[in-house]
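Open the model in your viewer and keep the selection panel to hand. This tour goes stop by stop, telling you what to pick and what you will find.

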Number of protein chains: 2
Amino acid sequence: MKILVTGGAGFIGSHLCDALIERDNDLTVVDNLVLGRKENISHLLGRSGFEFIEENLLHEEGMRTLFKEGHFDMVYHLAANSDIQKGGKDPWVDYDLTFNTTFHILQLMKEFEVKKFFFASTSAIYGETYDVLNEDYGPLRPVSNYGAGKLASEAFISAFSSTYGFQTWITRFPNVVGERFTHGVIHDFIHKLQKNPKELEVLGNGEQCKPYVYVKDLVEGILYVVEHASADYNVYMLGSDTRTKVKEIAAMVIEEMGLDATIRYTGGDRGWVGDVPEFRYNLDRVNTLGWKAAYTSNEAVRLAIQKALGK
Amino acid sequence: MKILVTGGAGFIGSHLCDALIERDNDLTVVDNLVLGRKENISHLLGRSGFEFIEENLLHEEGMRTLFKEGHFDMVYHLAANSDIQKGGKDPWVDYDLTFNTTFHILQLMKEFEVKKFFFASTSAIYGETYDVLNEDYGPLRPVSNYGAGKLASEAFISAFSSTYGFQTWITRFPNVVGERFTHGVIHDFIHKLQKNPKELEVLGNGEQCKPYVYVKDLVEGILYVVEHASADYNVYMLGSDTRTKVKEIAAMVIEEMGLDATIRYTGGDRGWVGDVPEFRYNLDRVNTLGWKAAYTSNEAVRLAIQKALGK
């Protein structure tokens, strides 16, 4: 299949490329390398059936040429801002990188009659709730511009899919961890402890509790859903129904680094504005389809720490 | 209170202006007059406490000047594309007029620290479902770009409200009818019958069944919700729990015009791409707050027909 992967040099995108190449697809990756990194896909460069294009998804002329020449069967759209805190300080970041990229890709798919679409969505579309989240849960009240950009994307994906006849797969991720990640709590803790091995400052009270999924596990889940869910419009939660507290992550990072640091909590029930302090996933739909994450949330976190430390 | 009404020369916006002026507010109306009409507010021009500015909400310089000089306490944001069929043919229409207008207004409110916000939302955010719709219903799967633009707007309104501390009221309308309307089934039927009084062509099978609300009734509902709902984030369905079939509307128009036309159905369960053939509202939340529409759906439709015919 001829596939376009947007954001394919990013954290999740590059792992998806690995799995799609393994499955003998013809891949074109487009990435502006703002958050993505060329070294994430350097092992794929030069392989037959793999092409990398450095381009901004909002650059109309370049993207039209790409679609005109690419004759794609399917688009996996992963390009987005992934730094939620940054988007809280400047709403234009998620407006452009998380939402506008999606709208422009949809327009190009409509124009060039690409009929299959995958979208990487997120638990952040739900906002703050203690209910167990499933695919049909409402109301949707994002508290971050990142979550808003993803929900706004889903809104137009829904309308385009039904109006212009796309077959669509949307998976909603929880926190994703593993090799090549550039943001998030594990990354932060390791950096802080490298600077000061005696003390680890943790934002909030450490009680924030969320499901974490290992990136390679997630990518297998994505492809399982695309290969097995056959409705016109397929929405799936992906991840784990287990969860990990921030204080557990802190303890695991200290242990894996072989340190004896004390933990200092800044207090409050969340790390920063736009943070959702806890959520949990109902995975019945994807389990019924036949997929289950290989690792629990705690196992995923520990594995990601070990990989980040080069173990 | 110093209030900005966007889309204030439009169908619903101009009735809202009438009610806000009656309540002794200081109003500034901004409208690009693409869908709005100056005659809708001509009776307000020159009144003290009323100002009309012809401006495009996406024209940054003009809008920043307006906010800088306006010192608004609250924004009622009604500007949007209202022609759902047009938005199906060209997705940029709802991208710009329904969604981008909202995002830009939110940015201006953030910058100029306006803290109260009203947004006119719609049943179209839900898409096609036979369930009874309430405020917390999910999933949200709009089938029109109009519905997508409104849902995308709600997404960023939610994030901005919680991140930047706005107090927000959102009401979701069903079909709205009455004086000054420019689109919709009543309008179409009257025009068709004026051209050919012998036969009325009805798109679909006539069984499409939706709640209709009379515009002045709706405006009283909006102001009731803003005046009585005091949470930080308030979402209310507004309208009627009664409904009217398209075939009933056809019969009422023919009767009120005093004609003896035959009705010809084009067939199929919907009028056009993006049409939602039926939906119904659960109004418990607004009823509990103390508001109920004065007219049933059938009464609203008949009244709107009579007003359109100058009765």
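Start with chain B and select P139(B). This proline sits in the loop between β6 (132–133) and α5 (145–164) of chain B. Keep in mind that the model is predicted. Now show the bond before the proline. The peptide bond joining G138(B) and P139(B) is cis, with omega about 0°.

Jump to the other chain and pick P139(A). It lies in the loop between β6 (132–133) and α5 of chain A. The peptide bond from G138(A) to P139(A) is cis too, with omega near 0°.

**Chain A as a whole**

Zoom out and show chain A as a cartoon. You should find 10 helices and 15 strands. The C-alpha trace spans about 55 × 45 × 40 Å along its principal axes. How does the radius of gyration of chain A fit a compact globule of 311 residues? Such a globule would have a value near 19 Å, and chain A has 19 Å, so the two agree.

Color by burial next. Buried residues account for 51% of the 311 residues in chain A. Then turn to the contacts between residues at least 6 apart in sequence: in chain A, 80% of them join residues at least 24 apart.

**Where the chains meet**

Select the contact between the two chains. Chain A gives 30 residues and chain B gives 30 residues. On the chain A side, α4 (91–112) and α5 (145–164) each supply at least two residues. Which element supplies the largest share of that side? It is α5(A), with 11 residues. By type, the chain A side divides into 16 nonpolar, 11 polar and 3 charged residues.

Now superpose the chains. A turn of 180° and a shift of 0.0 Å along the axis lay chain A on chain B, with an RMSD of 0.0 Å. That is the relation of a two-fold axis. Of the interface residues of chain A, 100% are also interface residues in chain B, so the copies meet through the same surface.

**The nonpolar core**

Hide the surface and look inside. Nonpolar side chains tend to be buried together in soluble globular proteins. Here the largest nonpolar core has 192 residues. Those with the most contacts inside it are F156(A), I186(A), L218(A), F156(B), I186(B) and L218(B).

Center on I186(A). Leaving out residues up to four places away in sequence, I186(A) touches V177(A), I249(A), V253(A), V301(A), A304(A), I305(A) and A308(A).

**Two helices of chain A**

Select α7 of chain A, residues 215–228. Its 14 residues should span 20 Å at 1.5 Å a residue, and its end C-alpha atoms are 20 Å apart, which agrees. L218(A) from the core list is one of the buried residues in α7(A). The others are V215(A), D217(A), V219(A), G221(A), I222(A) and V225(A).

Move to α10 of chain A, residues 297–308. The 12 residues of this helix should span 16 Å at 1.5 Å a residue; the end C-alpha atoms are 16 Å apart, in agreement. Its buried residues are S297(A), A300(A), V301(A), R302(A), L303(A), A304(A), I305(A) and A308(A). What covers them? The cover includes β8 (175–177), α6 (185–195), β11 (212–214), α7, β13 (244–245) and α8 (246–256) of chain A. Step just past α10(A) to G310(A), which takes a positive phi of about 75°.

**A buried arginine**

Back to chain B. Select R280(B), in strand β15 (residues 280–281). Is R280(B) buried or exposed? It has 20 other C-beta atoms within 10 Å, so it counts as buried. Setting aside neighbours within four places in sequence, R280(B) is in contact with V132(B), L133(B), P211(B), D241(B) and R243(B). Draw a distance to P211(B). The two residues are 69 residues apart along the chain, yet their C-alpha atoms are separated by 6.5 Å.

**Two positive phi angles**

Select L33(A), in the loop between β2 (26–31) and β3 (50–54) of chain A. L33(A) is not a glycine, but its phi is positive, near 60°. With 14 other C-beta atoms within 10 Å, L33(A) is partly exposed.

Finish at D24(B), in the loop between α1 (11–22) and β2 (26–31) of chain B. D24(B) is not a glycine either, and its phi is positive at about 65°. D24(B) counts as exposed because it has 8 C-beta neighbours inside 10 Å.

Key
Residues are numbered from 1 along each chain as its sequence is written. Chains are lettered from A and ligands numbered from 1 in the order in which they are written. This is a predicted model: local features need pLDDT of at least 70, side-chain atom pairs count only at pLDDT 80 or more; totals for chains, interfaces and linings use all residues. Helices (H or I, at least four residues) and strands (E, at least two) are DSSP runs, numbered from the N terminus. The radius of gyration is taken over C-alpha atoms; the globule rule is 2.2 Å times the number of residues to the power 0.38. A residue is buried if 20 or more other C-beta atoms lie within 10 Å of its own, exposed if 12 or fewer, and partly exposed in between; C-beta atoms are placed from the backbone. Two residues are in contact if their C-beta atoms, placed from the backbone, lie within 7 Å. Ala, Val, Leu, Ile, Met, Phe, Trp, Tyr, Cys and Pro count as nonpolar, Asp, Glu, Lys and Arg as charged, and the others, Gly among them, as polar. Copies are superposed by least squares on the C-alpha atoms of residues with pLDDT of at least 70 in both. The expected span of a helix is 1.5 Å times one less than its number of residues. A nonpolar core is a set of buried Ala, Val, Leu, Ile, Met, Phe, Trp, Tyr and Cys residues joined through C-beta atoms within 7 Å.
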